[in-house]
Amino acid sequence: MDHEDRAHVRAQERALRDIGRRHLGDGDAERWAALLRPGVRLAVADEEWDGAELPTAARLGGLPRLPEGTDWPSGPDGAPLAHVATVDCGALPAGALDLPLPAGDSLAFFASGDRARGRVLRVPAGVPGRVRPAPPGAAVYPAVRLVARPELTAPFPEHPRVREAFGLHTAQDFYDHPLNDQSFLDELAEYGHRFEHRVGGYAVAPGVAEYQALGAGAAVTDPSAATPRDIARAGEWVPLAQFHHEPAAGMLGRPGEGVPAGRRRGALVWLIRQEDLGRGDFDAAVLVPRF
């Protein structure tokens, strides 16, 4: 990270720590602040004042570059998935994340039309490949260039890391704790998990995605009702990346319901277990849509 990025992250940390000190006891404020996580916001280059000067960190939509011999990803029904985005890990600011991403490689994110299925393909640097035309039936979105902005993200009370750190193992523990005070939550929302493009950090609707990543038959839809075992298992998952509805590309927002494209809200969140991330097994990542 350069000096300006580091100064921005330090300012965010001071602001978040101040929120904790205003609403929590000293011990609890420090315990909560220890859970802050770095992330990288992927901003639309054309909307940033210096966007033309910054390297391309990711591209939303468009056509992906895939290695020779790699098939275009498809879902269980054989239907081709849509290319959502490709992140150039080598273009992310050094030291801006706490995730062991493969330096120099790219990660290509794909999703089904109903947002129920997703794939992450690792595209190694230096391996022969080409921009691949989309197969029939695959949605293709206009390409949007994204640039990297380091930031600091904070967990909300329902997140499994918070529940574990504060020993909030029952619903009563959860609701009685000052972390659930509305004034604290309102202030935290100012720095909260917006519907935005991001690598790492905490995901939109923090905690909910981690519990849902547990999968069919094990997913928890109400984090306050999570058992200690649910909390421990959900805590194994970390957000890899999220992409929200982008009006310029006409993508990702919940379709229908009479909502104009520019007013839709929604995000596709990919999570991965820490042990799978450590092995570089990106095929183990799962997609959790949030609307």
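**Figure 1. Ala 219, a partly exposed loop residue.** In this predicted model, Ala 219 is partly exposed, and its relative accessible area comes to 41%. That value counts as partly exposed because it falls between the 20% limit for buried and the 50% limit for exposed. The view is set on the loop that runs between α6 (208–212) and α7 (228–234), where Ala 219 is found. Leaving aside residues up to four places away in sequence, Ala 219 touches Tyr 211, Gln 212 and Leu 214. For a sense of scale, try the pair Ala 219 and Val 208: they are eleven residues apart along the chain, and 9.5 Å separates their C-alpha atoms.

**Figure 2. Ala 94, an exposed residue in another loop.** Here we look at the loop between β4 and β5 (106–111), which holds Ala 94. With a relative accessible area of 61%, Ala 94 is exposed; the label applies because exposed means over 50%. Which residue lies 92 places from Ala 94 in sequence, yet 8.9 Å away in space, C-alpha to C-alpha? The partner is Asp 2.

**Figure 3. Arg 198 and its polar contact with Glu 151.** Arg 198 belongs to strand β9, which covers residues 198–200. Is this arginine buried or exposed? Arg 198 is buried, because its relative accessible area of 1% is under the 20% limit. The partner to pick out in this view is Glu 151: its side chain makes a polar contact with the side chain of Arg 198, at 2.8 Å.

**Figure 4. Thr 153 meets the backbone of Tyr 202.** Thr 153 lies in strand β8, made up of residues 144–153, and Tyr 202 sits in the loop between β9 and α6. A polar atom of the Thr 153 side chain is 3.0 Å from the backbone nitrogen of Tyr 202. Thr 153 is buried, with a relative accessible area of 3%, and Tyr 202 is buried too, at 1%. If you widen the view, look for Gln 242: its C-alpha is 9.6 Å from that of Tyr 202, although the two residues are 40 apart in sequence.

**Figure 5. The largest pocket and its lining.** This view turns to the largest pocket, whose volume is about 270 Å³. Its lining counts 22 residues, and those nearest the centre are Arg 59, Arg 65, Thr 86, Asp 88 and Ser 106. Which strand gives the most to this lining? Strand β4 does, with four residues. Both β2 (58–60) and β4 (82–88) supply at least two residues each. By residue type, the lining has ten nonpolar, eight polar and four charged members.

**Figure 6. The whole chain, and where to read it with care.** Stepping back, the chain contains eight helices and twelve strands. Of its 291 residues, 51% are buried. Contacts between residues at least 6 apart in sequence are worth a look as well: 72% of them join residues at least 24 apart. The mean pLDDT of the chain is 87, with 89% of residues reaching 70 or more. Residues 257–263 call for care: pLDDT stays under 50 there, and the model has four contacts for this stretch beyond four places in sequence. Where pLDDT is low, please do not read the predicted coordinates in detail.

Technical notes. Residues are numbered from 1 along each chain as its sequence is written. This is a predicted model: local features need pLDDT of at least 70, side-chain atom pairs count only at pLDDT 80 or more; totals for chains, interfaces and linings use all residues. Side-chain values use heavy atoms; hydrogens and water are left out. Buried means under 20% relative accessible area, exposed over 50%, partly exposed in between (1.4 Å probe, protein chains only). A polar contact is a pair of N or O atoms within 3.5 Å; within protein, one must be able to donate a hydrogen and the other to accept it, and residues adjacent in sequence count only if both atoms are side-chain atoms. On a 1 Å grid over the protein atoms alone, a cavity is a set of points where a 1.4 Å probe fits but cannot get out, and a pocket is an open set with protein on both sides within 12 Å along at least five of seven lines; lining residues have an atom within 4 Å of a point. Grid points are joined across faces, edges and corners, and a volume is the space filled by probe spheres set on the points. Ala, Val, Leu, Ile, Met, Phe, Trp, Tyr, Cys and Pro count as nonpolar, Asp, Glu, Lys and Arg as charged, and the others, Gly among them, as polar. pLDDT is the predictor's confidence in each residue, from 0 to 100. Contact means heavy atoms within 4.5 Å.
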